[in-house]
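Let's take a walk along this chain together, stopping wherever helices, loops and charged side chains meet. Keep the structure open beside you as you read.

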Amino acid sequence: VVLLVPELTFLTGLSDLRKNSRMLKEVMWEMIQSPQQHYQRLTALLRRIRDTPDASQELQRWGLVLDTDIYRTQGHILPAERINLRHRSFLPAEELGWHREVTKEVPITVISINSWLLIYPKRLQHLAKDLLASMRSSCGAMGMQVGQPSVQELRDDRIETYVRAIQSSLGSQDKVQLLLCIISGGRDDVYGAIKKLCCVQSPVPSQVINAQSLMGHPGKIRSVVQKVLLQINCKLGGQLWGVDIPL
C-alpha cells in the first residue's frame, strides 16, 4: 500500500473521469474560476481560519497572523489588441474569443485543399458523407476551397486496417496535401498509430476526427467542422489572423 500525503499531491489527469460526465463537469467547475470567484473563496478560507478556534490557536503557537483580506496592489491594464484578418480588423469581445469572426471572414492566408484522402470505417459512412457536405458548405465563408477527396472505406476499424489503407493510398498518389481520418470514439490507440505513421514513417499533414464529435444537432456539427477547417488551414501553412504587437 502506498500512502500519499494529500497536501503534497495534486491531480494530473482526467482519463478515468471522461466516462463520468457529471463528475467531469464538477471538476472543470472547480478548475475554471473567475477572478471574483477566486477572491471569494480565499476570503472565505481566511474567515474560516479566523473563526475556527483550533486553527487560530495553531497560528498563535507559531507566532503567525493572517490578515482578514488578501493583499491588494494596483495592476497595469494593457490596451486591447486588434485582431487582423485579410480584409478587416476588430477588437475581441469581453470573453476574449473570436471564433465567430474567423469562421465568417477570410483569414490572412488561405490554402485550398485539392489533393487529399478521406479514410473511414464502412459503418461510419453516413458521418463521412455529412462531414464532407458540411466542409463544402462552411469553407466558402472562410475563403477556402475543398476539392473532392480520394475516399477509402475500411471494412473495420482495427489499427492494422487503417495503417495498410493509409500506406497503400499514400503510395499510389504523387502529391497528397492532407490525410483526414474518422475514427470511432475512445480509440486512442488508433489515433496514436495514425499520427506515428503520418509524422514519422510517411510524413503528411493529418487530421483525425472522433466520430462522436460529428454526432448531435446540426449547429454543433457545423461548429466542429469550422474548427477542423481552421486547423487544417494552419497545418497546410495558412495563417488565420495576426496582431500588431511589435517585436
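Here is a short tour in order along the chain. Please keep in mind that this is a predicted model.

We can begin with helix α1, which covers residues 21-31 and contains Met 28. Is Met 28 buried, partly exposed or exposed? With a relative accessibility of 30%, Met 28 counts as partly exposed. Together with Met 31 and Ile 32, Met 28 makes a nonpolar surface patch of about 300 Å².

Next come helix α2 (residues 35-51) and helix α3 (residues 53-62). Two packed helices are described by the angle between their axes and the distance between the axes. For α2 and α3, the axes come within 5 Å and cross at roughly 85 degrees. Angles from 65 to 115 degrees count as roughly perpendicular, so α2 is roughly perpendicular to α3. On the α2 side, the contact is made by Ile 49, Arg 50 and Asp 51, while α3 brings Pro 53, Ala 55, Ser 56 and Leu 59. How much of α3 is buried? Of its ten residues, the number buried is one, so α3 lies largely in the open. Just after α3 you will find Gly 63, which takes a positive phi of about 75 degrees.

Further along, look for a second pair of helices, α5 and α8, the latter spanning residues 218-235. Their axes come within 9 Å and cross at roughly 70 degrees, and α5 and α8 are therefore roughly perpendicular to each other. From α5, the residues that meet α8 are Leu 131, Ser 134, Met 135, Ser 137, Ser 138 and Cys 139. Their partners in α8 are Arg 222, Val 225, Gln 226, Leu 229 and Ile 232.

Val 146 is a good next stop, in the loop between α5 (125-139) and β4 (150-154). Residues under 20% relative accessible area are called buried, and Val 146, at 9% relative accessibility, therefore counts as buried. Which residues does Val 146 touch, not counting those up to four places away in sequence? They are Ile 113, Trp 116, Met 135, Arg 136, Cys 139 and Leu 229. Among these, Met 135 and Cys 139 of α5 and Leu 229 of α8 also belong to the meeting of those two helices. Val 146 and Leu 229 are 83 residues apart in sequence, with their C-alpha atoms 9.5 Å apart in space.

We can finish with the charged side chains. How many salt bridges does a search of the whole structure find? The search finds eight. One of them joins Asp 157 to Arg 123, with the closest N and O atoms 3.4 Å apart. This pair links distant parts of the chain, 34 residues apart: Asp 157 sits in the loop between β4 and α6 (159-172), and Arg 123 in the loop between β3 (116-121) and α5. Arg 123 has a relative accessible area of 54%, and is exposed because exposed means over 50%.

Two other salt bridges join residues numbered from 155 to 160. The side chains of Arg 155 and Asp 156 meet at 3.5 Å, N to O, and Arg 155 counts as exposed at 63% relative accessibility. Glu 160 and Arg 158 also meet through their side chains, at 3.7 Å, N to O. Here Glu 160 counts as partly exposed at 41% relative accessibility, and Arg 158 counts as partly exposed at 43%.

Note on methods. Residues numbered from 1 in each chain as written. Predicted model: local features only at pLDDT ≥ 70, side-chain atom pairs only at ≥ 80, totals over all residues. Heavy atoms only, no water. Patch = residues over 30% accessible without salt bridge, like charges linked within 9 Å, V, L, I, M, F, W, Y side chains within 5 Å. Areas by Shrake-Rupley, 256 points an atom, 1.4 Å probe, with all protein chains shown as cover. Salt bridge = Lys/Arg side-chain N within 4 Å of Asp/Glu carboxyl O. Helix = DSSP H or I, 4+ residues; strand = E, 2+ residues; numbered from the N terminus. Buried < 20%, exposed > 50% of the residue type's maximum accessible area, 1.4 Å probe, protein only. Axes fitted to C-alpha atoms, helices over the stretch in contact; angles between N-to-C directions. Parallel < 35°, antiparallel > 145°, perpendicular 65-115°, else oblique. Contact = heavy atoms within 4.5 Å.
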